[in-house]
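Take a look at the model below. How do its parts pack against each other?

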Amino acid sequence: MRILLAEDDKKLNESLTAQLISRGFIVDSCYDGEEALYYAVQNIHDVILLDRMLPGMEGTMILTKLRRQGISIPVLMITALGTLNDKVTGLNLGADDYLVKPFAFEELLARIQCVTRRSPILSQTELSTYCDISFDETSNTLTGPDGSCTCSKREGAMLEIFVKNGGQTLSRNTLLLKIWGPDSDVEEGNLDNYIYFVRRRLKAVGSRLKLRTIRGIGYCLLEESLEN
């Protein structure tokens, strides 16, 4: 799961980032509102942790802009402003939850799990399935008719995206953004390498799914019988 953390308190930002990464999350962190909006409109994150009082642009303005653009990523506001009116305002603007500082990290984790379970764009479990395969995000394990195999972190990230979007064509740019992030200078040849690795994994577990190249666009995970 990829998280965007927008928090201007450097110590808190660094602490939360480290703790989230230790729990297996991919984290993009930033310290001001304009940078937060830049990341958020990429629409590549599974949840946004958004401080309300950010320099450059307040969290409420960022939230308003996202919802007006139709971006429905779950947003958990984290702020020291904890009056009833503050909470109601944030929720009315489109926040999915509201967490007042200071808070325990375990409560933050619970809130993240809660808002992502409610989100229609996310799976309700850590086990994603499509056709004859399943992918366990926790252990990075792919299972098919002929058994299971453990994947690398990048392979797992790519498999998760394809399994959750089975039958849909995903552009190369979408894959680069979701797997490597908006600030990465990764070469496109690396994407080709991981497409090859994923194809090998599918073959190793005996799946009838094929990762088809859609010329000029990207890739699509399809059943072999539906290729033509």
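The questions below deal with helix packing and nonpolar cores in this predicted model.

Q: Are H6 and H7 parallel, antiparallel, perpendicular or oblique to each other?
A: Helix H6 covers residues 153–164, and helix H7 covers residues 172–180. They pack at an angle of about 130°, with their axes 10 Å apart. Angles over 145 degrees count as roughly antiparallel, and 65 to 115 as roughly perpendicular. The angle fits neither range, so H6 and H7 are oblique.

Q: Which class, nonpolar, polar or charged, has seven residues in the contact of H6 with H7?
A: From H6 come Arg 154, Ala 157, Met 158, Ile 161 and Phe 162. They meet Leu 175, Lys 178, Ile 179 and Trp 180 in H7. By class, two residues are charged, none is polar and seven are nonpolar.

Q: Which element gives the largest share of the largest nonpolar core?
A: This core has 25 residues, and Phe 162 and Leu 175 are among those that touch the most other members. Strands E7, E11 and E12 and helices H6, H7 and H8 each give two or more residues. The largest share is six residues, and it comes from H6.

Q: Which residues of the stretch 147 to 151 are in contact with Leu 142?
A: Leu 142 is one of the core residues that touch the most other members. Neighbours within four places in sequence are left aside here. Its contacts include Ile 133, Phe 135, Leu 159 and Leu 202. Those in the stretch are Gly 147, Ser 148, Cys 149 and Cys 151.

Q: How many residues does the other core have?
A: This core lies apart from the largest one. Ala 36, Leu 37, Leu 66 and Met 77 are among its members. Its residues number 20.

Conventions. Residues are numbered from 1 along each chain as its sequence is written. This is a predicted model: local features need pLDDT of at least 70, side-chain atom pairs count only at pLDDT 80 or more; totals for chains, interfaces and linings use all residues. Side-chain values use heavy atoms; hydrogens and water are left out. Axes are lines fitted to C-alpha atoms, for helices over the stretch in contact, and angles run from 0 to 180 degrees between N-to-C directions. Helices (H or I, at least four residues) and strands (E, at least two) are DSSP runs, numbered from the N terminus. Angles under 35 degrees count as roughly parallel, over 145 as roughly antiparallel, 65 to 115 as roughly perpendicular and the rest as oblique. Contact means heavy atoms within 4.5 Å. Ala, Val, Leu, Ile, Met, Phe, Trp, Tyr, Cys and Pro count as nonpolar, Asp, Glu, Lys and Arg as charged, and the others, Gly among them, as polar. A nonpolar core is a set of buried Ala, Val, Leu, Ile, Met, Phe, Trp, Tyr and Cys residues joined through side-chain atoms within 4.5 Å. Buried means under 20% relative accessible area, exposed over 50%, partly exposed in between (1.4 Å probe, protein chains only).
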